[in-house]
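Trainee: I should be grateful for a close look at the interior of this model. Please begin with its empty space and then go on to the rings and cysteines.

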Amino acid sequence: MLREVVEALEEIPTGIFLDATVGAGGHASALLERRPDLTCVGLDRDPEALAMAARRLPDGVRLAQRRFDALGEALAGWDVGCLAGALFDLGASSMQLDDPGRGFSYRRGGPIDMRMDPTSGPCAAGIVNEWPAERLAGLLRGYGDEPNARRIARAVAANRPLRDTAELAEVVCSAVPPRRRRRSGHPAKRTFQALRIAVNDELAQIRPALSEVIGLLAPKGRGVVLSYHSGEDRIVKETLGEAAGGCTCPPRLPCVCGAVKCIALLGRRARRPAAAEVQANPRSRSARLRAFEKLEATQS
């Protein structure tokens, strides 16, 4: 949703734009072409992505290897006071998914890794080969919305040790009933998604990082969040709803909960990719875009 992202951000004030998940720099590059008056700060925890972004983006762009929930630390180090705009493009990138050596792919064999920062933390093999089946099933249900979580977890436990992603995908597929293998894409998709989210602690980062960005935005500054599955989008929707004045009082009664509005949502619902984009890039089908603007002053 490159066009939609740029459209949402191209009218932000002059100042500093934060790409909290810069990846290879595609969104940042497109925005800077429209707005050369912006100063870009890019974060990513994948060193390979940062190297690609450094080659693609113009001189003067500041890049740092950070999780996006450590954005405050990075911005403080650069003495950044406030932001004109911010972008979060959640989940794994295409270059991570397409490289079998990173372990994200259920279509090609590789190590069961799935770390966005390959130099830090435990990899997915530990979960696959060491977790009890019941705990693994809970992970698949919670992070993957996998309806066959228990069957898959038992199959994984029965076939340990699993040595690569091709073997893991084969075991998952064998555990899914034939009538379900024809639905919702590849049968291992949800399992790999759940493992990736757990390994990278993805969901826990969203609320604190997004809340911090809302506080750092200058008046009329804007933020955009791209999410790709229901767990991500639910957290984004709730966080933005609270900042936009998510009153918890009963309908038709005066507000007494002290809700304070600090942003305005740009659109009542998440935007979806156009049909032409989905046809050209099927991976974009699950994308959801939510955008917001910082108010001039907090409103009760």
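Mentor: What follows is one connected account, beginning with the enclosed space.

The model is predicted, with local features needing pLDDT of at least 70 and side-chain atom pairs counting only at pLDDT 80 or more, while totals for chains, interfaces and linings use all residues. Residues are numbered from 1 along each chain as its sequence is written, and side-chain values use heavy atoms, with hydrogens and water left out.

Rolling a probe the size of a water molecule over the atoms shows where empty space is left. On a 1 Å grid over the protein atoms alone, a cavity is a set of points where a 1.4 Å probe fits but cannot get out; a pocket is an open set with protein on both sides within 12 Å along at least five of seven lines, and lining residues have an atom within 4 Å of a point. Points are joined across faces, edges and corners, and a volume is the space filled by probe spheres set on them.

The search of the whole structure finds 1 cavity of 30 Å³ or more. The largest cavity has a volume of about 40 Å³, and its lining consists of Val128, Leu136, Leu140, Ile152, Ala153, Val156, Leu168, Thr191 and Leu195. Helix H7 (133-144), helix H8 (149-158) and helix H11 (189-200) each supply at least two of these residues; the largest share, 3 residues, belongs to H8. Helices (H or I, at least four residues) and strands (E, at least two) are DSSP runs numbered from the N terminus. The lining has 8 nonpolar residues, 1 polar residue and no charged ones. Here Ala, Val, Leu, Ile, Met, Phe, Trp, Tyr, Cys and Pro count as nonpolar, Asp, Glu, Lys and Arg as charged, and the others, Gly among them, as polar.

The second largest pocket contains about 150 Å³ of space. Among the residues that line it are Arg45, Arg67, Arg115, Asp117 and Asp201. Its lining divides into 5 charged, 3 polar and 3 nonpolar residues.

We turn next to the rings. There are 2 aromatic pairs, where rings of Phe, Tyr and Trp (its six-membered ring) pair if their centres lie within 6.5 Å, and planes under 30 degrees apart count as stacked, over 60 as edge-to-face and the rest as tilted. Phe68 and Phe88 are edge-to-face, with 5.5 Å between centres and 85° between planes. Phe68 lies in the loop between strand S3 (62-65) and helix H4 (71-77), and Phe88, 20 residues apart from it, lies in strand S4 (residues 83-89). Both Phe68 and Phe88 are buried (under 20% relative accessible area; exposed is over 50% and partly exposed in between, with a 1.4 Å probe and protein chains only). Tyr106 and Phe192 are also edge-to-face, at 5.6 Å centre to centre and 80° between the planes. This pair spans 86 residues, joining the loop between helix H5 (94-98) and helix H6 (124-130) to helix H11. Phe192 is buried, at 3% relative accessible area.

Finally, the cysteines. The structure holds 0 disulfides, a disulfide being a pair of cysteine sulfur atoms within 2.5 Å. Cys40 forms none because its sulfur is 15 Å from the closest cysteine sulfur, that of Cys82, too far for a bond. Cys82 is in no disulfide either, the nearest cysteine sulfur being that of Cys262, 15 Å away. Cys40 is buried, with 2% relative accessible area, whereas Cys82 is partly exposed at 42%.
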